[in-house]
Amino acid sequence: MSILVTGGTGYIGSHTVVELLNAGKDIVIIDNFSNSKREVLDQIKQITKKDFKFYEINYLDREDLKNVFEENKIEAVLNFAGYKAVGESVEKPIEYYMNNVSGALVLLDVMREYKVKKFIFSSSATVYGDPQTIPITEECTIGGTTNPYGTSKLYIEQILQDLYKSDNSWDIAILRYFNPVGAHESGLIGEEPNGIPNNLMPYISQVAEGRLKELSVFGNDYSTPDGTGVRDYIHVVDLAKGHIKALEKLDKESKGIYTYNLGTGKGYSVLDMVKTFERVTNKKVPYKIMPRRAGDIATSYADPQKAKQELNWQTEKGIEEMCEDTWKFIVKNKDNKKHPNN
Ligand code: WQD
């Protein structure tokens with residue numbers, strides 16, 4: 001029996017594939033490289049010394065997807081295929097809803113046809129909108145998303161709730177990620193955003209690299225300790241491990257639909273991240289204070305107790321490692337580009 005991973009060469013997908021392979025699972029990856037590179041397949045093999053099956057397909061293509069279920073005995077599906085750029089989603093709502101929502105629907109429909117009903121969905125803390133309380137628990141009201149990316153996550157969560165209500169032989173975990181950063185400690189896989197990054201950590205690292213001149217800090221007048229926005233940054237390897245624990249939970253527990261926050265429970269400001277990055281990498285990150293960014297909230301961090309109690313999962317890596325590993329990936333990636341045969 002195999003686990004199907006959609007979007008398995010992307011940032012979070014690739015790190016989760018590594019953890020699944022390390023846990024001895026058989027894996028089938030599908031990806032169309034719409035926001036990732038083919039080389040990631042080799043990097044995963046290099047890290048794990050393990051092999052897996054791969055199909056270059058778009059998960060919206062029902063016939064191609066059915067073929068994967070025909071050719072493999074799939075027991076569970078982890079869905080990382082999806083567009084994720086907040087700003088771009090405002091420009092391209094149809095593309096975002098089509099890829100994220102329709103893609104999930106095609107996938108769920110094909111799963112139903114093949115009687116595969118174990119599903120792990122990558123959701124986001126963005127579904128909480130402007131959160132009612134901090135730290136954010138899973139009981140906080142969801143809604144009030146401010147962009148199609150976030151709304152697509154919200155819609156898919158609702159679809160999954162409705163699906164489970166209609167047929168309680170499904171077994172579903174909804175994982176709400178806080179702010180994933182960092183890279184695998186090997187420096188072989190990491191985050192490679194297209195164009196100018198939107199998210200803080202990739203922006204900081206490109207400034208440190210000299211590719212971008214300076215960081216714009218969006219607002220220093222929030223009611224936070226230093227006035228800049230506070231977030232729950234989580235190391236991508238800790239996040240990946242959360243998926244293994246969620247899968248174990250679905251395997252052993254009676255069927256259900258479970259929702260978990262995956263975060264550290266700690267909030268760090270923009271300036272905390274800049275200072276820590278400078279300290280651990282010995283690089284300068286010049287910045288200037290700019291007006292607030294539309295749609296941003298002051299503070300967001302998780303209450304991760306539910307995941308700790310029910311999944312026996314908690315994060316292990318602090319912001320130093322997040323910064324160190326981000327930098328390791330940048331340096332190694334640059335070397336690989338200079339010497340592609342290394
Ligand atoms: C973090 C903090 C910014 C860039 C978004 C999505 C969320 C998830 C992760 C996933 C904020 C500040 C940022 C910059 C800055 N999406 N900042 N200068 O907004 O918490 O969450 O990404 O795929 O769904 O909404 O993350 O990294 O963009 O911002 O000052 O150039 O850094 O204002 O306080 P965010 P982020």
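Helices here are DSSP runs of H or I with at least four residues, numbered from the N terminus. One such run in this predicted model is α5, which covers residues 93-113. Alanine 104 has its place in that helix. Buried means under 20% relative accessible area. Alanine 104 has a relative accessibility of 2%, so alanine 104 counts as buried.

The surroundings of alanine 104 were examined next. Neighbours within four places in sequence were left aside. Alanine 104 is then in contact with Tyr59, Asn79, Asn99 and Ile156. A further relation links alanine 104 to threonine 6. The two residues are 98 residues apart in sequence. In space, their C-alpha atoms are 10 Å apart.

Threonine 6 leads to a pair of strands. In β2, the bridge partner of threonine 6 is isoleucine 30. Strands β1 and β2 run parallel, and four bridges join them. Strand β1 spans residues 2-6, and β2 spans residues 27-31. Strand β2 is mostly covered, with five of its five residues buried. The cover extends to both faces of β2. Ile27, Ile29 and Asp31 are buried on one side. Val28 and Ile30 are buried on the other.

The loop between β1 and α1 holds threonine 9. Helix α1 comprises residues 11-22. Because its relative accessibility is 2%, threonine 9 counts as buried. The side chain of threonine 9 makes a polar contact with the side chain of serine 36, at 2.6 Å. Contacts of threonine 9 were also listed without its neighbours within four places in sequence. They are Ser14, Ile29, Asp31, Phe33, Ser36, Lys37, Val40 and Leu41. Two of these names, Ile29 and Asp31, also belong to one covered side of β2.

A second group of strands forms an open sheet. This sheet has three strands, in the order β12-β9-β14. Its pairing is mixed. The edge strands are β12 (268-269) and β14 (299-300), and each pairs on one side only. Strand β9 consists of residues 230-231. Strands β9 and β14 pair in the parallel sense, over two bridges. Valine 230 stands opposite threonine 299 in β14.

The ligand site was then described. The ligand is surrounded by 20 residues. The closest are Asn199, Leu200, Ser216, Arg231 and Asp296. By class, the shell has nine nonpolar, seven polar and four charged residues. Helix α7 (200-209) and strand β8 (215-218) each supply at least two residues of the shell. Strand β8 gives the most, with four residues.

Oxygen atoms of the ligand lie at short listed distances from three residues. A polar side-chain atom of aspartate 296 is 2.5 Å from a ligand oxygen atom. For arginine 231, an N or O atom in the side chain lies 2.6 Å from an oxygen atom of the ligand. Phenylalanine 218 takes part through its backbone: an N or O atom there lies 2.9 Å from an oxygen atom of the ligand. On its own, the ligand has 690 Å² of accessible area, and the protein covers 88% of this.

Terms used: Residues are numbered from 1 along each chain as its sequence is written. This is a predicted model: local features need pLDDT of at least 70, side-chain atom pairs count only at pLDDT 80 or more; totals for chains, interfaces and linings use all residues. Side-chain values use heavy atoms; hydrogens and water are left out. A residue is near a molecule or strand if one of its heavy atoms lies within 4 Å of it. A polar contact is a pair of N or O atoms within 3.5 Å; within protein, one must be able to donate a hydrogen and the other to accept it, and residues adjacent in sequence count only if both atoms are side-chain atoms. Accessible areas come from the Shrake-Rupley method with a 1.4 Å probe; for residues, only the protein chains shown count as cover. Ala, Val, Leu, Ile, Met, Phe, Trp, Tyr, Cys and Pro count as nonpolar, Asp, Glu, Lys and Arg as charged, and the others, Gly among them, as polar. Two strands pair if DSSP finds at least two bridges between them. Buried means under 20% relative accessible area, exposed over 50%, partly exposed in between (1.4 Å probe, protein chains only). Contact means heavy atoms within 4.5 Å.
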